[in-house]
Amino acid sequence: MTGLARLTKLRSLVHLEVCGGSITSAGLAPLPCCASLRTLNISQNPAIGDRGLAPLALLPVLESLNLSSSRVGPAGLPTLKKMASLTCLGLHGCAFDRLHAAQLRAALPRLLTLG
């Protein structure tokens with residue numbers, strides 16, 4: 001068992017920060033096992049793209065997500081819009097514009113901070 005797969009045993013994990021690592025989109029697959037996860041910072045992982053977001057949408061109480069400096073872009077909008085519990089979303093250095101931001105704000109009524 002390697003990488004984030006080891007986290008499947010930490011079912012009560014609330015906060016996770018893995019910045020500047022070598023996490024890939026496929027590497028995020030085990031995260032739904034951490035159903036208590038509220039804060040996830042996986043910024044500065046350029047191998048994370050739009051396809052990697054699907055497992056994150058399965059985290060029921062995720063409030064804060066930082067994807068800054070990843071390869072997440074407009075193709076990931078449909079998945080991001082499903083994350084209804086988000087109050088904070090970091091997308092610095094990603095390919096989003098004001099129109100995309102407006103779409104996210106409209107879809108995520110609890111969103112207080114969008115960067």
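## A tour of the model, starting at Gln-44

Select Gln-44 to begin: this residue is partly exposed, with a relative accessible area of 47%. The model on the screen is a predicted one. Gln-44 sits in the loop between S2 and S3. Check its backbone: phi is near 60°, a positive value, and the residue is not a glycine. Most residues other than glycine have a negative phi.

**Ser-43**

Move on to Ser-43. This serine is in the loop that connects strand S2 (39-41) with strand S3 (64-66). Is Ser-43 buried or exposed? Ser-43 counts as buried, because its relative accessibility is 6% and the limit for buried is under 20%. Show its side chain together with that of Asn-41: a polar contact of 2.9 Å joins the two. Next, display what surrounds Ser-43. Leaving out residues up to four places away in sequence, Ser-43 touches Val-18, Cys-19 and Gly-20, and also Asn-66, Leu-67 and Ser-68.

**The sheet**

Switch to a cartoon view and look for the strands. Five strands form an open sheet in the order S1-S2-S3-S4-S5, and the pairing is parallel. Its edges are strand S1 (15-17) and strand S5 (113-114), each of which pairs on one side only. Now select S1 and S2. These two run parallel and are joined by 3 bridges. For a single position to look at, take His-15, which stands opposite Thr-39 in S2.

**Leu-40 and the core**

Select Leu-40. Which residues have the most contacts inside the largest nonpolar core? They are Leu-40, Leu-56, Leu-65, Leu-67, Leu-80 and Leu-89, in a core of 31 residues. Keep Leu-40 selected and show its contacts. Apart from neighbours within four places in sequence, Leu-40 is in contact with Leu-16, Leu-31, Leu-56, Leu-62 and Leu-65. Ser-64 and Asn-66 are also in contact with Leu-40. Two of the names in this list, Leu-56 and Leu-65, appear among the core residues with the most contacts.

**The salt bridge**

How many salt bridges does the structure hold? The structure holds 1. To see it, select Arg-38 and Glu-63, whose side chains meet at 3.0 Å, N to O. The pair links distant parts of the chain: Arg-38 is in the loop between S1 and S2, Glu-63 is in the loop between S2 and S3, and 25 residues separate them. Arg-38 has a relative accessible area of 34% and so is partly exposed. Glu-63 is also partly exposed, with a relative accessible area of 28%.

**Pro-30**

Go to Pro-30, in the loop between S1 and S2. Pro-30 counts as buried because its relative accessibility is 16%, and buried means under 20%. Its contacts, not counting residues up to four places away in sequence, are Leu-4, Ala-5 and Thr-8. Then draw a distance from the C-alpha atom of Pro-30 to that of Cys-19. The two residues are 11 apart along the chain, and the separation is 17 Å.

**Ser-69**

The last stop is Ser-69, in the loop between S3 and helix H1 (77-80). What is the sign of phi at Ser-69? Phi is positive, about 60°, although Ser-69 is not a glycine. This serine is partly exposed, with a relative accessible area of 38%.

Technical notes: Residues are numbered from 1 along each chain as its sequence is written. This is a predicted model: local features need pLDDT of at least 70, side-chain atom pairs count only at pLDDT 80 or more; totals for chains, interfaces and linings use all residues. Side-chain values use heavy atoms; hydrogens and water are left out. Helices (H or I, at least four residues) and strands (E, at least two) are DSSP runs, numbered from the N terminus. Buried means under 20% relative accessible area, exposed over 50%, partly exposed in between (1.4 Å probe, protein chains only). A polar contact is a pair of N or O atoms within 3.5 Å; within protein, one must be able to donate a hydrogen and the other to accept it, and residues adjacent in sequence count only if both atoms are side-chain atoms. Contact means heavy atoms within 4.5 Å. Two strands pair if DSSP finds at least two bridges between them. A nonpolar core is a set of buried Ala, Val, Leu, Ile, Met, Phe, Trp, Tyr and Cys residues joined through side-chain atoms within 4.5 Å. A salt bridge is a side-chain nitrogen of Lys or Arg within 4 Å of a carboxyl oxygen of Asp or Glu.
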